[in-house]
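Me: I want to go through this model by question and answer. Please state each cut-off once, when its term comes up.

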Amino acid sequence: MAIPEFIKSLRAKVGTVLLHVPTVAVLVYDDQGRMLLVKDKSSGLWGAPSGIIDPHELPSDAAVREVWEEAGVYVELTQLLGVFAGERFSVVYPNGDHLSGVETVFRARVITGIPHADQEETSDAGFFDPSEIESLPCYHHFLEIHNAVGQVPAQSYFKPSTWRPPGV
């Protein structure tokens with residue numbers, strides 16, 4: 001994931017402490033029902049196009065932008081699939097930066113473009129059948145999303161609340 005300028009500015013002030021940021025991921029499907037995946041250049045792991053939402057940016061705009069930047073495909077968002085967070089959506093980068101994301105996940109269809117890696121964040125991009133995805137080395141958080149929203153018909157997903165007021 002490329003580091004947005006506003007995160008670089010924050011890091012200059014706060015160092016590597018935990019930042020809680022809004023993120024997006026996009027499950028893009030082609031006409032054959034295959035899902036678009038990108039391979040992260042630094043880790044070698046596969047996942048859906050995703051990234052941090054910039055200040056004042058709509059999550060929907062960030063979603064379309066991230067697919068374009070990481071895979072060279074212009075998409076139309078078709079459904080809000082869910083909102084995800086928790087330990088699997090937190091990461092400590094090799095430089096020590098801590099990040100916790102709240103990920104809004106969209107479903108999309110291709111308008112135009114042929115998947116290709118940007119060679120900055122991604123080293124490969126392509127469409128995969130669901131059976132192929134199971135054998136790829138994937139990010140754990142992507143697999144959690146994939147498993148949660150894989151039901152047919154697709155329904156919006158969120159983990160049920162566990163919070164209770166004191167004494168209740």
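Me: Among contacts in the protein chain between residues at least 6 apart in sequence, what percentage join residues at least 24 apart?

Reply: This is a predicted model, in which local features need pLDDT of at least 70 and side-chain atom pairs count only at pLDDT 80 or more, while totals for chains, interfaces and linings use all residues. Residues are numbered from 1 along each chain as its sequence is written, and side-chain values use heavy atoms, with hydrogens and water left out. A contact means heavy atoms within 4.5 Å. Of the contacts between residues at least 6 apart, the share joining residues at least 24 apart is 72%.

Me: What pattern of helices and strands does the protein chain follow along the sequence?

Reply: Helices (H or I, at least four residues) and strands (E, at least two) are DSSP runs, numbered from the N terminus. The protein chain has four helices and eight strands. Along the sequence they give α-β-β-β-β-α-β-β-β-β-α-α.

Me: What radius of gyration does the protein chain have, and why is it called as compact as a globular protein of that length?

Reply: The radius is taken over C-alpha atoms, and the globule rule is 2.2 Å times the number of residues to the power 0.38. For 168 residues the rule gives 15 Å, and the protein chain comes close to that, so it is as compact as a globular protein of that length. The C-alpha trace spans about 50 × 40 × 30 Å along its principal axes. The radius of gyration is 16 Å.

Me: What share of the accessible surface of the protein chain belongs to carbon and sulfur atoms?

Reply: Accessible areas come from the Shrake-Rupley method with a 1.4 Å probe, and for residues only the protein chains shown count as cover. The total for the protein chain is about 9600 Å². The carbon and sulfur share is 57%.

Me: How many residues of β1 are buried, and which residue in β7 stands opposite V28?

Reply: Buried means under 20% relative accessible area, exposed over 50%, and partly exposed in between (1.4 Å probe, protein chains only). β1 (residues 19–29) has nine of its eleven residues buried. Two strands pair if DSSP finds at least two bridges between them; β1 and β7 (residues 98–112) do so in the parallel sense over eleven bridges, and opposite V28 stands A108.

Me: In β4, which residue is the bridge partner of A25?

Reply: β4 (residues 50–52) runs antiparallel to β1, and three bridges join them. The partner of A25 is S50.

Me: In β8, which residue is the bridge partner of V38?

Reply: β8 is mostly covered, with five of its seven residues buried. β2 and β8 pair in the antiparallel sense over six bridges. V38 has as its bridge partner A125.

Me: Is E144 buried or exposed, and what is its relative accessible area?

Reply: E144 lies in helix α4 (residues 140–149), whose buried residues also include F142, I145 and H146. The buried residues of α4 pack against β1, β2 (35–40), β3 (46–47), β5 (74–84), β7 and α3 (130–133). Leaving out residues up to four places away in sequence, E144 touches F84, R88, F89 and K159. E144 is buried, with a relative accessible area of 18%.

Me: How far apart in space, C-alpha to C-alpha, are D30 and F127?

Reply: D30 is in the loop between β1 and β2 and counts as buried because its relative accessible area is 14%. D30 and F127 are 97 residues apart in sequence, but their C-alpha separation is 7.5 Å.

Me: Which residues does P4 touch, not counting those up to four places away in sequence?

Reply: P4 sits in the segment before α1 (5–14) and is buried at 15% relative accessible area. Its C-alpha is separated by 9.0 Å from that of I53, 49 residues away along the chain. P4 touches I52 and D54.

Me: What is the phi of H56, and what is the phi of Q119?

Reply: Most residues other than glycine have a negative phi. H56 is in the loop between β4 and α2 (59–71) and is exposed at 87% relative accessible area, whereas Q119 is in the loop between β7 and β8 (122–128) and is partly exposed at 44%. Both values are positive: for H56 about 70°, and for Q119 near 65°.
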